[in-house]
Amino acid sequence: MTDTGPLIDDDVIAKVLEAASGRGAEFAEVFAEDRRSSSAVLDDAKVEELTSGRDRGAGIRVVVGNSTGFAHTSDLSEAGLLATAEIAAAAARGGGGALAPRELRRVDAARPNAIEVLPGDVDKARKVELLGRADAAARAAGSSISQVTARYSDGRRRILVANTDGTLATDDQVRTVFSIVSVASGDTGLQTGREAVGHTVGFELFDRYDVEELARRSAERAITKLLARPAPSGQMTVVIGSGGGGVMFHEACGHGLEADLVAKGASVFRDRIGEQVASPLVTLVDDGTMGGEWGCFAVDDEGRPAQRNTLISEGVLVDYMWDGLRARREGRPSSGNGRRQSYQHLPMVRMTNTYLLGGESTPEEIIADTADGVYIAHLGGGQVNTATGDFVFGMTEAYLIESGRITEPLREGNLIGNGPEVLLNIDAVGNDFAMGPPGTCGKDGQGVPVGDGVPTLRVHGLTIGGTAA
Amino acid sequence: MSAARDLAGVARSVAERAERGEDVDVMVSTGRSTIVRVHGGEVESFTSAESFAIGIRVISDHRQGFAAAGSIDPDVIAETLAEARDNVRFGERDDCFGLAEPDGVAAVEHDHWDDALVSMSADEKIERARALEARALAADPRVTGVRTATWSDVSGETAYATSRGLAVSERGASCSVGLQVLAHDGTEPQTGAAGDAARRSADLDDARIVDRAVERATRLFGATKPSSCRTTIVLEPRLAMTLLGIFAGMVDGESVLKGRSPFADRSGETVASPLLTLLDDPTDRRSIAASSFDGEGLACRPNPLLGGGVLGPFLQNSYTARRTATRSTASALRSARSLPGVGAQVLIVQPGTTPVDELIAGLDDGVFVTSLQGLHSGVNSVSGDFSVGADGLMIAGGSIGRPVREFTLASTIQRMLAQVLAVGDDLEWLPSGDASPTLAIGDVALSGS
């Protein structure tokens with residue numbers, strides 16, 4: 001198979017959709033994917049691994065009433081696809097008359113941004129060379145740097161979605177990511193510092209970012225933490241730095257606004273459309289069209305063009321996020337949030353790039369106006385119980401705020417809060433919006449790339465889990 | 001594609017394509033799986049899948065390259081081998097790269113295949129998931145719904161072969177059920193999840209899974225935020241294993257070799273409470289993760305990680321063993337899609353003699369922890385810093401009392417190991433294949449209001 005031809009020919013698509021819906025169905029869909037990836041890892045001052053991956057296959061879904069039958073195969077031949085369609089139809093246990101698939105119409109959705117240099121066209125030696133430069137720069141940043149791990153990876157994912165509603169859509173998604181972890185060693189033990197950049201772009205990522213600069217920053221972060229004191233514990237005021245804390249909104253309310261969880265009663269935001277659920281300073285957007293960002297695409301994994309959706313406007317809950325299945329049951333359009341990890345997975349409601357719009361305060365004003373608290377430059381991963389709204393996330397770079405000034409660095413720790421309460425307790429939003437590092441969001445065992453962003457903001461009443469007495 | 005394809009033959013035939021001066025190893029796996037999700041008595045989704053994977057490693061001139069693919073069609077295998085070979089050119093030289101040397105240890109054979117499970121009908125699987133949901137809905141008036149009730153089963157085979165003639169294969173089948181219950185007491189919502197995995201469907205105890213999910217969903221009603229304090233925490237088996245699993249990841253040969261383990265240079269020293277004995281034993285037939293061979297084809301064997309609090313030898317694969325002039329402990333971990341790593345396979349904590357009731361009765365104050373959150377962000381395996389979200393039940397005067405939520409627990413892994421105050425007698429085999437009793441751990445910083 002070439003990298004430019006269709007994943008499945010149009011006449012085969014039509015036959016497969018007929019076979020899938022032939023036992024009776026409301027909806028049938030074929031999702032084909034061809035993914036190539038490459039990655040290189042430098043660890044312990046050596047390029048240890050250069051690996052390549054190739055996955056291609058198709059998942060076929062048949063919906064009858066409230067039931068979905070799903071089967072997938074790595075065999076994209078006509079015979080393989082037809083056999084898989086039969087298995088999916090049998091799994092859906094359809095009955096009654098066959099569905100007549102609508103004529104396929106191509107979905108015309110532009111890519112959010114152009115890809116300048118396809119990673120597959122770049123010599124592997126150039127990818128490896130980035131890692132060596134990063135390693136040297138990190139180690140040169142200080143004698144306490146004892147270990148460095150740098151990772152490069154790229155992926156190209158071509159997808160095709162066709163369904164009995166007449167959708168025929170394709171997308172060609174290219175992602176490139178670089179990350180580095182430096183370990184500093186001192187009298188207080190070992191500390192780590194991490195930097196990562198990832199965008200839906202090709203190798204031109206490295207025209208925009210200097211890996212040596214990223215390496216130095218990761219090393220400096222680790223070295224700073226050697227001097228860090230244990231984080232305080234208890235409830236306090238927290239200022240989150242620009243670009244460093246979008247994950248808080250992802251956890252505090254993003255997941256709770258996913259329509260599948262809402263419908264099952266597993267969200268604290270159920271039945272709250274139109275209500276003031278957050279401080280008036282909060283306008284939250286989920287935006288799959290945001291060119292180059294980690295969670296963007298031309299069409300989602302159900303063939304729906306990416307959209308920019310306002311979820312919360314000046315504190316008022318505007319809408320949930322929707323995939324095709326949930327939207328179909330409610331008789332409304334999908335919001336372009338139907339995503340899946342691979343052809344081996346069913347799509348579900350997922351975030352794309354989720355971010356808080358900027359406000360009017362300067363970051364300096366926000367900090368100066370905070371008597372005592374904690375400044376978090378970077379949050380790590382998080383987790384939420386959508387039914388109760390309780391969430392946690394880690395702080396990977398944090399400092400004490402004393403009398404309106406950022407003072408000493410703090411060791412790592414987790415923060416805990418309750419989504420609905422935290423949203424109401426935001427009392428300052430800065431004018432310095434920035435997107436954060438690339439993330440992978442996990443839900444029901446599926447991981448998808450997501451982006452997030454925030455301006456500097458202040459929130460009261462988060463509980464910090466430090467060890468200081 | 002034929003499921004009856006001879007996987008061992010595929011692996012051997014690829015390994016035999018090694019050219020002069022090359023070592024090649026190949027892992028090929030195939031799996032069939034079913035996942036049934038039920039909601040409201042109906043089949044929400046029924047997924048049926050067959051999947052393949054192949055990973056090829058080429059070592060030449062002390063450099064290595066790797067490629068993997070999700071298909072074992074001949075054209076894909078040829079492309080994967082060519083990619084692995086091409087990748088060799090860009091790897092750096094390391095005299096320690098190489099295949100594992102056979103060490104004469106005899107493999108403990110396991111037969112993890114169950115014909116009854118592999119041939120179970122779709123209707124039967126749906127019925128299992130439906131029955132689980134119905135049982136959960138009827139269990140307690142406060143249960144308002146079931147977010148998911150899931151049945152899944154998987155069967156598959158893995159074959160490994162090297163260009164030096166080593167060839168091993170294993171097959172296995174297992175099934176699992178999972179349940180997430182939603183509950184409401186008129187004031188607030190709660191959720192509770194439980195699940196189990198087994199080699200045979202008859203070994204899955206639905207009643208116990210429902211009891212646990214419902215208990216977890218209802219025991220926190222009315223929970224409040226506790227005051228900050230230093231206290232003792234009681235971790236039930238699955239949570240105790242979470243902690244020890246993190247520790248096991250800190251004493252593998254790679255973390256130690258690369259200066260990422262706070263336990264480097266401490267082998268043979270006391271690093272934990274004398275009450276704590278921890279074994280990595282993939283030969284234990286009671287474990288659902290038991291296995292005959294590691295990821296480099298060596299026979300699995302028991303390895304002591306902690307004996308009465310004393311740190312055992314570090315876990316090694318053949319690469320880390322060569323680097324440290326030790327021997328492989330048959331701890332190479334890999335799937336067809338990855339290069340061999342190193343780590344524990346089946347963790348077993350030796351149970352103590354104290355019944356859990358007595359363990360709790362012996363505490364003046366403490367928290368019986370019911371869940372931990374944010375482990376992936378709140379634990380740093382390099383520094384050992386530990387800070388996670390939690391909820392639980394307060395222990396006062398030796399008995400379990402009021403529920404608490406929205407607090408954090410903080411310490412370090414090193415300190416928590418040393419502070420194991422009691423080990424329960426309730427060894428439980430977990431769905432992960434690991435086993436632990438209940439542990440009580442002292443001097444943890446609880447941060448609340």
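1. Domain 1 and domain 3 of chain A have C-alpha centres separated by 35 Å in this predicted model. Twelve residues of domain 1 of chain A and six residues of domain 3 of chain A make up the contact. On the domain 1 side, strand E1 (27-43), strand E2 (46-64) and strand E3 (67-73) of chain A each supply at least two residues. The largest share there, six residues, comes from E2(A). By residue class, the side of domain 1 of chain A that touches domain 3 of chain A holds five nonpolar, four polar and three charged residues.

2. The bounds behind this description come from the domain assignment, which divides chain A into domain 1 (10-35 + 52-106), domain 2 (119-226) and domain 3 (233-465). Domain 1 of chain A is thus written as two segments, 10-35 and 52-106.

3. As a whole, chain A contains ten helices and 23 strands. Its C-alpha atoms fill a box of roughly 70 × 55 × 35 Å along the principal axes. The radius of gyration of chain A is 24 Å, which agrees with the value near 23 Å that a compact globule of 469 residues would have. Of the 469 residues of chain A, 59% count as buried. Among contacts in chain A between residues at least 6 apart in sequence, 75% join residues at least 24 apart.

4. Chain B may be described in the corresponding terms. Eleven helices and 20 strands are found in chain B. Chain B has a radius of gyration of 24 Å, close to the 22 Å given by the globule rule for 449 residues, so chain B is as compact as a globular protein of that length. The C-alpha trace of chain B spans about 70 × 55 × 35 Å along its principal axes. Buried residues account for 54% of the 449 residues of chain B. For contacts in chain B between residues at least 6 apart in sequence, 70% join residues at least 24 apart.

5. The domain assignment of chain B gives domain 1 (7-218) and domain 2 (223-449). The C-alpha centres of these two domains of chain B lie 24 Å apart. Their contact takes 35 residues from domain 1 of chain B and 27 residues from domain 2 of chain B. On the domain 1 side, the elements that give two or more residues are strand E1 (22-39), strand E2 (42-60), strand E3 (63-69), strand E4 (143-162), strand E5 (167-184) and strand E6 (189-198) of chain B. The side of domain 1 of chain B that touches domain 2 of chain B divides into 19 nonpolar, eight polar and eight charged residues.

6. Two of these strands deserve a closer reading. E5(B) and E6(B) pair in the antiparallel sense over ten bridges. Within this pairing, Val177(B) has Asp196(B) in E6(B) as its bridge partner. The hairpin of E5(B) and E6(B) has four residues between the strands, and Gly186(B) takes a positive phi near 95° in this hairpin. E6(B) is mostly covered, with seven of its ten residues buried.

7. The contact between the chains takes 68 residues from chain A and 64 residues from chain B. E2(A) gives the most to the side of chain A that touches chain B, namely eleven residues. That side of chain A comprises 18 nonpolar, 36 polar and 14 charged residues. Strand pairing also crosses between the chains: E3(A) and E2(B) run parallel and are joined by five bridges. Ala71(A) has Ser48(B) in E2(B) as its bridge partner.

8. The nonpolar interior is the final topic. In soluble globular proteins, nonpolar side chains tend to be buried together. The largest nonpolar core has 204 residues, of which Ala20(A), Val62(A), Ala88(A), Ala136(B), Leu179(B) and Val181(B) touch the most other members. This core includes residues of both chains, as these names show. Ala136(B) touches, among residues more than four places away in sequence, Val143(B), Val146(B), Ala149(B), Leu179(B), Val181(B), Val210(B), Ala213(B) and Val214(B). A second, separate core of 32 residues includes Ala11(B), Ile72(B), Leu81(B) and Tyr160(B).

Methods: Residues are numbered from 1 along each chain as its sequence is written. Chains are lettered from A and ligands numbered from 1 in the order in which they are written. This is a predicted model: local features need pLDDT of at least 70, side-chain atom pairs count only at pLDDT 80 or more; totals for chains, interfaces and linings use all residues. The radius of gyration is taken over C-alpha atoms; the globule rule is 2.2 Å times the number of residues to the power 0.38. A residue is buried if 20 or more other C-beta atoms lie within 10 Å of its own, exposed if 12 or fewer, and partly exposed in between; C-beta atoms are placed from the backbone. Two residues are in contact if their C-beta atoms, placed from the backbone, lie within 7 Å. A nonpolar core is a set of buried Ala, Val, Leu, Ile, Met, Phe, Trp, Tyr and Cys residues joined through C-beta atoms within 7 Å. Domain bounds come from an automatic or database domain assignment. Ala, Val, Leu, Ile, Met, Phe, Trp, Tyr, Cys and Pro count as nonpolar, Asp, Glu, Lys and Arg as charged, and the others, Gly among them, as polar. Two strands pair if DSSP finds at least two bridges between them.
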